[in-house]
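Here is a short note for a colleague who is coming to this structure without earlier acquaintance. The points below may be read alongside the sequence and the model.

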Amino acid sequence: MIGALLRFRGNKSRAASALGLSRSTFYRKLQEYEIMQAIEDVAKFHKLGGTKFPKGIQFDPAVIGHVMTLITSEYTELTTGVVKRDVPNITNELLDVIYVALQGLLSLGFTADQVSELWEALQKANMTKVDPALCLLDDNGGKPYVNEAGKITKPPGFKRADFGGLVARMQKNG
């Protein structure tokens, strides 16, 4: 995919066509590649730093406590950036939160493929909040529900991603 993009100078339609993929399939696969790349980057960083991630999904309170401490630290640094109105620092800290969150998932023993699958389930559930084709928004004039703080909220009938089922299957199948 990356080779096709390079060959066609970033033209996704031409790259998809050259690979015999529809544009929507090409975009989906590209998104999967991008999240996978982020996860693999975090894993590589921690491997070079000597971190050992568990084989298989497991809960270790000490490890998750450490991840929570890191997220708290990043949140504090983010708050400092917001107070100073420092957009570059805010950008850095928001990305650091994502980085640490991915580290947390790897620390629980999820593989990169499993994290990608979990992400896809979360995205699918979230899209049902805004896409009339995926849920019934008729009682709100076909528009997403947005609270007074500007947060997109769950419409009637919203179904969360089944992380319990996904994680149980992943634990069973390794």
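**Notes on the pockets, one helix and one loop residue**

1. In this predicted model, helix H3 (23-48) and helix H6 (112-127) each supply at least two residues of the lining of the largest pocket. The largest share of that lining, 6 residues, comes from H6.

2. The volume of the largest pocket is about 380 Å³. Its lining has 11 residues, of which Arg28, Gln31, Trp119, Glu120 and Gln123 are the closest to the centre of the pocket. Sorted by character, the residues of this lining divide into 3 nonpolar, 3 polar and 5 charged.

3. The second largest pocket holds about 250 Å³ of space, and the elements that give two or more residues to its lining are H3, helix H5 (87-107) and H6. The residues that line this second largest pocket are Ile35, Ala38, Ile98, Ala101, Leu102, Leu105, Val115, Leu118, Trp119, Leu122 and Phe163. How do these lining residues divide into nonpolar, polar and charged? The lining of the second largest pocket has 11 nonpolar residues, with no polar and no charged ones.

4. A reader who turns next to helix H4 (residues 61-84) will find that it has 24 residues and that it reaches 35 Å from its first C-alpha to its last, which is close to the 34 Å expected at 1.5 Å a residue. At the N-terminal end of H4, aspartate 60 acts as a cap, with a side-chain oxygen that lies 3.0 Å from the backbone nitrogen of alanine 62. Arginine 85 follows H4, and its phi is positive, near 60 degrees.

5. Which residues of H4 are buried? They are Ile64, Val67, Glu74, Leu78 and Gly81, and what covers these buried residues includes H5. As background to the spacing of such positions, an α-helix has 3.6 residues a turn, so residues three or four places apart point the same way.

6. The last point concerns aspartate 131, which is found in the loop between H6 and helix H7 (163-173). Why does aspartate 131 count as partly exposed? Its relative accessibility is 25%, and the partly exposed class lies between the buried class, under 20%, and the exposed class, over 50%. Aspartate 131 and proline 144 are 13 residues apart in sequence, and their C-alpha atoms are 7.8 Å apart in space.

Methods:
Residues are numbered from 1 along each chain as its sequence is written. This is a predicted model: local features need pLDDT of at least 70, side-chain atom pairs count only at pLDDT 80 or more; totals for chains, interfaces and linings use all residues. Side-chain values use heavy atoms; hydrogens and water are left out. On a 1 Å grid over the protein atoms alone, a cavity is a set of points where a 1.4 Å probe fits but cannot get out, and a pocket is an open set with protein on both sides within 12 Å along at least five of seven lines; lining residues have an atom within 4 Å of a point. Grid points are joined across faces, edges and corners, and a volume is the space filled by probe spheres set on the points. Helices (H or I, at least four residues) and strands (E, at least two) are DSSP runs, numbered from the N terminus. Ala, Val, Leu, Ile, Met, Phe, Trp, Tyr, Cys and Pro count as nonpolar, Asp, Glu, Lys and Arg as charged, and the others, Gly among them, as polar. The expected span of a helix is 1.5 Å times one less than its number of residues. Buried means under 20% relative accessible area, exposed over 50%, partly exposed in between (1.4 Å probe, protein chains only). Contact means heavy atoms within 4.5 Å. A polar contact is a pair of N or O atoms within 3.5 Å; within protein, one must be able to donate a hydrogen and the other to accept it, and residues adjacent in sequence count only if both atoms are side-chain atoms.
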